[in-house]
Amino acid sequence: MDFGTIGAGTVAQAIAGHLVTAGHEVTLSNSRGPDTLLDVVTRLGPLASAGTAGEAAAADMVFLTVMWPQVGDALVGLPEWDGRILVDTTNTFADLEAGTASEFVAERAPGARVVKAFNTLHARYIAADPRHAEGRQLLFYAGDDIAAKTTFHELADALGFAPVDAGTLREGGRLMQIGGPLSALHALRQD
Ligand SMILES: NC(=O)c1ccc[n+]([C@@H]2O[C@H](COP(=O)([O-])OP(=O)(O)OC[C@H]3O[C@@H](n4cnc5c(N)ncnc54)[C@H](OP(=O)(O)O)[C@@H]3O)[C@@H](O)[C@H]2O)c1
């Protein structure tokens, strides 16, 4: 399984760090082109590469890691999703009239199997080794596709997190979004 990121900032680099440590290849992308990411991928090591957004979005699992105002633009012009998994890490203060941020994302990525994750944690807890002496870092996720959630759960578990299924994009997404009870909940599971 290979991985891509749309956006290559704080959250993308934190996730990519875990992926390469676990031996996975990851392609990072931004709006300015691969040449601007050479320092970033050099720091991450040989399993990381810089690509166009289209190349990153062609991976089996793609992390959407742009700021909310850029979500629309970032999802334009990508290859057909064709069932690949799109992990939405975004947060927004926007008042979405209906639904959740990830449902908004899913509407703009037809054919993608969207999983919401990582948005409840501050980047320093995403980047850190999730295996603490007291237990593993809880990682909430939500989604409507059971198989995609299982794949994400297995990955998160392998990366050292303690994944917790929060429900559907609508219900789980509400719990996980800013202001929801799981937002900013930094907690450990007893092992
Ligand atoms: N930071 C946190 O603690 C944290 C925690 C959880 C969730 N989040 C959420 O995660 C998302 C990313 O946050 P961040 O802190 O990683 O932001 P960030 O450091 O500002 O990174 C955003 C990245 O998106 C890229 N980008 C902008 N427009 C793009 C486009 N059209 N196509 C592709 N890439 C584009 C930017 O690069 P260029 O401008 O060079 O294109 C940059 O690499 C946000 O929605 C945030 O709310 C953040």
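User: Let's start with contacts. What makes two residues count as being in contact here?

Analyst: Their C-beta atoms, placed from the backbone, have to lie within 7 Å. Among contacts in the protein with a separation of 6 or more, 67% come from residues 24 or more positions apart. Keep in mind that this is a predicted model, where local features need pLDDT of at least 70 and side-chain atom pairs count only at pLDDT 80 or more, while totals for chains, interfaces and linings use all residues. Numbering runs from 1 along each chain as its sequence is written.

User: Why is the protein called as compact as a globular protein of that length?

Analyst: First, the inventory: 8 helices and 10 strands, which are DSSP runs (H or I of at least four residues for helices, E of at least two for strands) numbered from the N terminus. The radius of gyration is 15 Å and the globule rule gives 16 Å for 191 residues, so the two are close and the label fits. That radius is taken over C-alpha atoms, and the rule is 2.2 Å times the number of residues to the power 0.38. The C-alpha box along the principal axes is roughly 40 × 40 × 30 Å.

User: How do you know that both faces of β2 are covered?

Analyst: Buried means 20 or more other C-beta atoms within 10 Å of the residue's own (exposed is 12 or fewer, partly exposed in between; C-beta atoms are placed from the backbone). In β2 (residues 26–29), Val26 and Leu28 on one side and Thr27 and Ser29 on the other are all buried, covering both faces. Across the protein, 45% of the 191 residues count as buried.

User: And what makes β1 and β2 a pair?

Analyst: DSSP must find at least two bridges between them. β1 (residues 3–6) and β2 have 4 and run parallel, with Ile6 bridging to Ser29. β2 also pairs in the parallel sense with β3 (residues 48–50) over 3 bridges, where Leu28 is partnered by Ala50.

User: Why is the β1, α1, β2 unit called right-handed?

Analyst: With the strands pointing away from the viewer, a right-handed path from the first strand over the helix to the second runs clockwise. β1, α1 and β2 make such a unit, and β2, α2 (residues 38–44) and β3 make a right-handed one too.

User: What makes a residue part of the shell around the ligand?

Analyst: Its C-beta atom, placed from the backbone, lies within 6 Å of the ligand. There are 27 residues around it, with Gly7, Gly9, Ser31, Thr90 and Ala123 coming nearest. α1 (10–21) and α4 (71–74) each supply at least two residues of the shell, and α1 gives the most, with 3.
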